Amino acid sequence: MTDYEKRKIAERSLSAFQEAIELSTSNEYTQKSQTTIWEIKFMTGKCCEKIATTLREEIYSSGSTESGRLYEKIMSDAIRNYSESLAGAREAEKTSGGPDKTCIGGSSHGALECLYRLHSSRFKVLLAAIRRIKEECEIAELEAFRIASLAWFDESNQSSTGVRGQTWDVLADCVDALTHCRREIPLFHRAAYRLAQAYSWAPAFHNPDCDLTKGSKQAVPATKSYRIRGLDTESCAESAAVVMTTLFEKRRSQLCAVWVTTSTAPPPFEVLNDSLRKYDALRLKYISAFIDCMRVCGQNGKIETLLNCAITSSQDLPGFYEASASLRGGDPGKHARHSLLRGSGNGFITKVKRNAISAIGEMILKDLAVMKKNGVDNEGKMKLTHHFKSAYKLFRRLNTPCREVAEFIRSTGPLCEVQAFCKCYLSIQAGYRISAIHFDGMDTESLCSILEGAVSKAKSMVQEAKDAPKK
């Protein structure tokens, strides 16, 4: 769907919600309206935000700091509607004796939901600004500050001057709001995700010109980090990892501790959210963020644990139907034995396994690059052998013959886990010297031959390990 199509749908929805507000406040009818205005205001804010998102790439007025973009006008309307919705929700809860504590985890948080949406939207506006190209970054941040400063969680956070200081003020305020959401309801998963995102991008908020190739492993000076609640003084990635891990601590049938609740009389936005597709997309977003955090922090053990959970979990329905259709009907059997490279690859479980396997493969390649630079000593030889066995395990989990893997790579693109497996094999064969071979220009036959050699070598090493105790 194009941005134009998305915008038109959101505009039609916005028009309907605005008409609902007008009709419910009209004095032309004798019967009192039962419409809950704050809920409609909330949806109006969401529509405005959707429209503004499609206008994000609008060009800025040349040489003007007061850009006056349509994006700014529409996004400002979204912030105002969220603020009005929050005020209405708080008033309604005060009248009814407090928030409903029976609905947690989904979209039934009442005033807290409005609070989260308001400040997460402010954060997303700021994040979009610092991701602009260098020439537009300052003007984008000034625009973002004008939008975000329409509503503050704690006005005492507004204490700096200059672009860098103002940006940090808004970030600190948004983090305070998201932390409040998690303190009120610890299982508020969206607040946890957005908070982890804020920590991860903290180095760029501090300095948009920072080296993004180093990712969130960078630190923020203590003179600024002290204002961001929960931000590590040495590695921003570690702070993000701590938050994301909370969604994966408890053992459940799901891969992520997230669930959707439906109240007796669900509001309109909750009905719109209620679908298997959106639920799986939500979980996949959190799982991908968790995998990224663990990858950056070098915690491959937690990724492997997640991968094992994915392999032993129940098959998702779309994945089951596709696997069954490929057999022209019937039970396709356990998904742990299905090829991860055949079919569309759009099943939830397939995506989780592919993401986890790719992340571990990427971590092995990163280690190999360090070993190539520093040399391979005795400890390095043991590490290289361990990586080779780990890469072999990843390769086996693809459940695909060598030739099919080679053909998939040639037609689709490189796979980190396959590159790691081949590089480890060639390095061991070369006397534990890290191979500098590139696979980009390699034909299918050559790649298939290397894979078959690597599999044979790995099998012999596994057999040797099994026979060793007997001796």
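How many salt bridges does the structure hold? The structure holds 19. This is a predicted model, and the report below takes its charged contacts, then its helices, then its aromatic rings.

**Salt bridges**

Three of the bridges are set out here.

| Acid | Base | Closest N and O atoms |
|---|---|---|
| Glu57 | Arg132 | 3.8 Å |
| Glu143 | Arg69 | 2.9 Å |
| Glu141 | Arg164 | 2.6 Å |

Take Arg132 and Glu57, with their closest N and O atoms 3.8 Å apart. Arg132 sits in the loop between α4 and α5 (134-148), and Glu57 in the loop between α2 (37-54) and α3 (70-96), so this bridge ties together parts that are 75 residues apart in sequence. Is each partner buried or exposed? Arg132 has 14% relative accessibility and counts as buried. Glu57 is exposed, at 63% relative accessible area.

Next come Glu143 and Arg69, whose salt bridge has its closest N and O atoms 2.9 Å apart. Glu143 belongs to helix α5 and Arg69 to the loop between α2 and α3, so the bridge joins parts 74 residues apart in sequence. Glu143 is buried, with a relative accessible area of 2%. Arg69 is buried too, at 3%. Arg69 also meets an aromatic ring: its charged end sits over the ring of Tyr60, 4.1 Å from the centre.

The third bridge pairs Glu141 with Arg164, at 2.6 Å between the closest N and O atoms. Glu141 lies in helix α5 and Arg164 in helix α6, so the two helices are tied across 23 residues of sequence. Glu141 has a relative accessible area of 2% and is buried. Arg164 is partly exposed, at 27%. Elsewhere, salt bridges with shared partners join Glu57, Arg132 and Glu136 into one network.

**Helices α4, α6 and α15**

Helix α4 covers residues 111-130, 20 residues in total. How far does α4 reach from its first C-alpha to its last? The span is 29 Å, close to the 28 Å expected at 1.5 Å a residue. Of its 20 residues, 19 are buried, so α4 is largely enclosed by the rest of the structure. Arg122 lies over the face of Trp152, at 5.2 Å from the ring centre.

Helix α15 (residues 348-374) has 27 residues. Its first and last C-alpha atoms are 40 Å apart, close to the expected 39 Å. Gly375 follows α15, and its phi is positive, near 90 degrees.

Helix α6 (residues 163-184) holds Gln166. At 17% relative accessibility, Gln166 counts as buried, because the cut-off is under 20%. Leaving out residues up to four places away in sequence, Gln166 touches Leu142, Phe145, Ser160 and Thr161.

**Pro203 in helix α8**

Pro203 lies in helix α8 (residues 202-206). Pro203 is buried, at 5% relative accessibility. Which residues does Pro203 touch, not counting residues up to four places away in sequence? They are Cys210, Ser216, Gln218, Val220 and Cys236. With Val220, the C-alpha atoms are 5.8 Å apart in space, while the two residues are 17 apart in sequence.

**Aromatic pairs**

A search of the whole structure finds 10 aromatic pairs. Phe123 and Phe205 form a tilted one, 5.8 Å centre to centre with 50 degrees between the planes. This pair links distant parts of the chain: Phe123 is in helix α4 and Phe205 in helix α8, 82 residues apart. Both Phe123 and Phe205 are buried.

Phe248 and Phe290 form a stacked pair, 4.1 Å centre to centre with 25 degrees between the planes. Phe248 lies in the loop between α10 (236-245) and α11 (268-273), and Phe290 in helix α12 (residues 276-296), so the pair ties together parts 42 residues apart in sequence. Phe248 is buried, and Phe290 is buried as well.

Which residues do ring pairs link into a cluster? The members are Phe388, Tyr392, Phe395, Phe421 and Tyr425.

Technical notes. Residues are numbered from 1 along each chain as its sequence is written. This is a predicted model: local features need pLDDT of at least 70, side-chain atom pairs count only at pLDDT 80 or more; totals for chains, interfaces and linings use all residues. Side-chain values use heavy atoms; hydrogens and water are left out. Helices (H or I, at least four residues) and strands (E, at least two) are DSSP runs, numbered from the N terminus. The expected span of a helix is 1.5 Å times one less than its number of residues. Buried means under 20% relative accessible area, exposed over 50%, partly exposed in between (1.4 Å probe, protein chains only). Contact means heavy atoms within 4.5 Å. Rings of Phe, Tyr and Trp (its six-membered ring) pair if their centres lie within 6.5 Å; planes under 30 degrees apart count as stacked, over 60 as edge-to-face and the rest as tilted. A charge sits over a ring if NZ of Lys or CZ of Arg is within 6 Å of the ring centre and within 35 degrees of the ring normal. A salt bridge is a side-chain nitrogen of Lys or Arg within 4 Å of a carboxyl oxygen of Asp or Glu.
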